[in-house]
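This briefing covers selected local features of one model, grouped by topic. Each point can be checked against the coordinates shown below.

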Amino acid sequence: MLDTQVTKAPPSLLYMVKQVELVVRSHLDELVRPSGITALQYTALTVLERHDGLSAAQLARDSFVTAQSIADLVRSLEGRGLVRRERNPRNRRELLILLTDDGRELLARHAGPVRELEERMVRDLTAHQTEQFRQALTKAWHALS
């Protein structure tokens, strides 16, 4: 009798990265929902926390959203008082997006739970493996950017 057991190929890395992204986004949405924002809005706020005073185009690129959708996202965050826009002193036609004190406070409130989510994601990895994972993701991002 022939062995009919077929060895299945493992899922592609692209598929696995997307799985991780979707589950992280789902958990992040749950964490920030009580504050009335989405995971995408939270991501934009964290980008501004690291690099305050970005143009809409740069914020869109760094937040992984389209230039078209950033306008609605910023309008919503501005309406909540989490960001503000002001003219770029070097280019008066350009508006810069800045994080407000309320935006910083919201990020501070979520810092612990978000850190716990990240720790949960890598809890079965050693510190060395976690650093290797971070480096591998950075190299993969650079290879495709």
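**Helix 5 and its surroundings**

Helix 5 has a kink of about 45° at Ala 111, shortly before the proline Pro 113. The model is a predicted one. The points below start with this helix, then turn to salt bridges, a surface patch and two loop residues.

**Geometry and packing of helix 5**

- Helix 5 covers residues 101–121, and its 21 residues should span 30 Å at 1.5 Å a residue.
- The end C-alpha atoms of helix 5 are 30 Å apart, so the span agrees with the expected value.
- The kink in helix 5 is placed at Ala 111.
- Which residues of helix 5 are buried? They are Gly 103, Leu 106, Leu 107, His 110, Gly 112, Val 114 and Leu 117.
- These buried residues of helix 5 pack against helix 1 (13–32), helix 2 (39–50) and strand 3 (91–99).

**Salt bridges**

- The whole structure holds 8 salt bridges; those described here include one within helix 5 and one between helix 5 and helix 6.
- Within helix 5, the side chains of Arg 109 and Glu 105 form a salt bridge with an N to O distance of 3.5 Å.
- Arg 109 and Glu 105 are 4 residues apart, about one turn of the helix.
- Arg 109 has a relative accessibility of 46% and therefore counts as partly exposed.
- Glu 105, at 47% relative accessibility, is also partly exposed.
- A salt bridge joins the side chains of Arg 134 and Glu 118, at 3.7 Å from N to O.
- That pair links distant parts of the chain, with Arg 134 in helix 6 and Glu 118 in helix 5, 16 residues apart.
- Arg 134 is partly exposed at 44% relative accessibility, and Glu 118 is partly exposed at 41%.
- Arg 134 also forms a salt bridge with Glu 131, where the closest N and O atoms are 3.7 Å apart.
- Arg 134 and Glu 131 both belong to helix 6 and are separated by 3 residues, about one turn of the helix.
- Glu 131 has a relative accessible area of 37%, so it is classed as partly exposed.
- Through shared partners, the salt bridges join Glu 118, Glu 131 and Arg 134 into one network.

**Nonpolar surface patch**

- Val 20, Met 121, Leu 125, Phe 133 and Leu 137 make a nonpolar surface patch of about 400 Å².
- Of these patch residues, Phe 133 is found in helix 6, which runs over residues 127–144.
- Is Phe 133 buried or partly exposed? Phe 133 is partly exposed, because its relative accessible area is 33%, and buried would require under 20%.

**Loop residues**

- Thr 100 lies in the loop between strand 3 and helix 5.
- Thr 100 counts as buried because its relative accessibility is 14%, below the cut-off of 20%.
- Leaving aside neighbours within four places in sequence, the contacts of Thr 100 are Gly 81, Leu 82, Val 83 and Arg 84.
- Phe 64 lies in the loop between helix 3 (56–63) and helix 4 (67–79).
- The phi of Phe 64 is near 65°, a positive value in a residue other than glycine.
- Most residues other than glycine have a negative phi.
- With 65% relative accessibility, Phe 64 counts as exposed, since the cut-off for that class is over 50%.

Key: Residues numbered from 1 in each chain as written. Predicted model: local features only at pLDDT ≥ 70, side-chain atom pairs only at ≥ 80, totals over all residues. Heavy atoms only, no water. Expected span 1.5 Å × (residues − 1). Bend = angle between axes of the 7 residues up to and from the residue. Buried < 20%, exposed > 50% of the residue type's maximum accessible area, 1.4 Å probe, protein only. Contact = heavy atoms within 4.5 Å. Patch = residues over 30% accessible without salt bridge, like charges linked within 9 Å, V, L, I, M, F, W, Y side chains within 5 Å. Areas by Shrake-Rupley, 256 points an atom, 1.4 Å probe, with all protein chains shown as cover. Salt bridge = Lys/Arg side-chain N within 4 Å of Asp/Glu carboxyl O.
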